[in-house]
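Please look over the sequence and the model shown here, and then read the short report that follows.

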Amino acid sequence: MSVRNTTWDELEVGASAALDRTCTAQDLLLFAHVSGNLNPLTLPGMEALTKGEPVAPSLWVGSLVSAVLGTLLPGAGTLYRAQSFDFVERVRIGSRLRIEVKCIEKRAKPIALFETTVRESDGRLVVRGVAEVEAPSMTIVTEAKDLPALILDDHEHFAPLIAVAKRLPALPTAVLGPDDRHALGGAVLSAEEGLIVPILVGDGGRIRAAAKDLGVDIGRFELIDVADDREASKRAVGLVNTGKAAAIMKGNVKAEALLNAVIKRDGGLRGARRLSHSFVLDVPTLDHLLFITDCAVNIAPDLATKVDIVQNGIDLARACGIETPRVGVLSAVETVNPNIPSTLDAAALSKMAERGQIKGGIVDGPLAMDNAMDVSAAKTKGITSLVAGRAEVLIVPNLEAGNMLAKELTFVARAESAGLVIGARVPIILTSRADNDRARLVSCALAQLYIHWCRTGRSACTTPAFANAAE
């Protein structure tokens, strides 16, 4: 959209312009970065210290007047001489504001005076003042364009999931090898948040040493002392088979030992579908959760295995509140190429979903990563699809691709991550030994939500309780 400015010669007394803006938490954080103003009264996340919700910095509100003057009236080429402000009321996160400027006087060229006001959507006056500006002397036509994206280390998508999971009954969970700070710390944190009831399975001496190191009391938890990883994995699976545990959480043990015990034909936990692992990522640049599968179980899945991987991924996304997940099946290119087997699998998976062999989601592929996630990239390549540019679940060609993609987003793009293995008779909370306590906490929340979805056929995240928890 083109925007033309108004020169001093064209400007008329009484001319006005306005824009609408809603105050967000991100606005306050960005202003703090730019201004260096770290007043806790104006920073989200400091409510416990300030005993109240944050207020917008007054000069952030004032800066919105500059946006109208510099963009709309007089527009491009306008420069400030002076600005007075009278701050009548405070602005808070969620406030819907209308910012208006009105020319009240023209002085010697190029000077003009503007009455400036900011009001709440209900008409209440927030700020008033007078601006003295140098109006532009020449016509300038600008094209509206997006500014470069900014990434903040600010994650909100996991918090509502945790809040809803806390309202569900705590899961009796066999915690395998909780003998280091992260493995034990994640289990204890999840127990304190009411997500799980841990049964600690592993080397008792090392578990007690880890507890002492953390300064936590584990006397309230059942502890099964087993030194060998394989035997401990077998005992954890046995707890599920006897009904004492409803989930398994991997700690400081190798995934191979646990999964071998799970997939055993006799005494294991095989379900109706193949096991697959999903990373669930809260990526700062996305306004939704991103699911990537399979990243830890199936090394080089064939088409039949990918069918189960896709269905597992859809089910987990639905459990987390996405009613009809958009699933992008990834390859290096977005066209079917017989020389690239993953493009053939992607096309087959798309057609199978279209015919109802995969249920609950919209599946499309092959898609390259750029046109799966970016609408502009999809349009540039002429891709017409309900998924392209809007994918919420990504199906990767193999374990290597998935593991690298998820960890690149975590360590380069600063995404928060959690992980879950589904397809067995109970969810398996499978995190990396390097994952922190919060990653394990969110993974426990995923297990809670998935079990609820399996038992009821609906997501706990689409109930009124979810809306209340999100608030």
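## Helix α4

How many of the eight residues of helix α4 (residues 158-165) are buried? Six of the eight are, so named because buried means under 20% relative accessible area, while exposed means over 50% and partly exposed lies in between (1.4 Å probe, protein chains only). The buried residues of α4 are Phe-158, Pro-160, Leu-161, Ile-162, Val-164 and Ala-165. Helices (H or I, at least four residues) and strands (E, at least two) are DSSP runs, numbered from the N terminus.

## About the model

This is a predicted model, in which local features need pLDDT of at least 70 and side-chain atom pairs count only at pLDDT 80 or more, whereas totals for chains, interfaces and linings use all residues. Residues are numbered from 1 along each chain as its sequence is written, and side-chain values use heavy atoms, with hydrogens and water left out.

## Helix α7

Helix α7 (residues 229-241) has 13 residues, which at 1.5 Å a residue (times one less than the number of residues) should span 18 Å, and its end C-alpha atoms are indeed 18 Å apart. Its buried residues are Ala-232, Ser-233, Ala-236, Val-237, Leu-239 and Val-240. They lie on the same side of α7, because they cover an arc of only 150° around the axis, taken from the directions from the helix axis to the C-beta atoms.

On the other side of α7, Arg-230 and Lys-234 are exposed. The buried residues pack against β8 (171-176), β9 (196-202), β10 (222-225), β11 (247-250) and α8 (255-262), where contact means heavy atoms within 4.5 Å.
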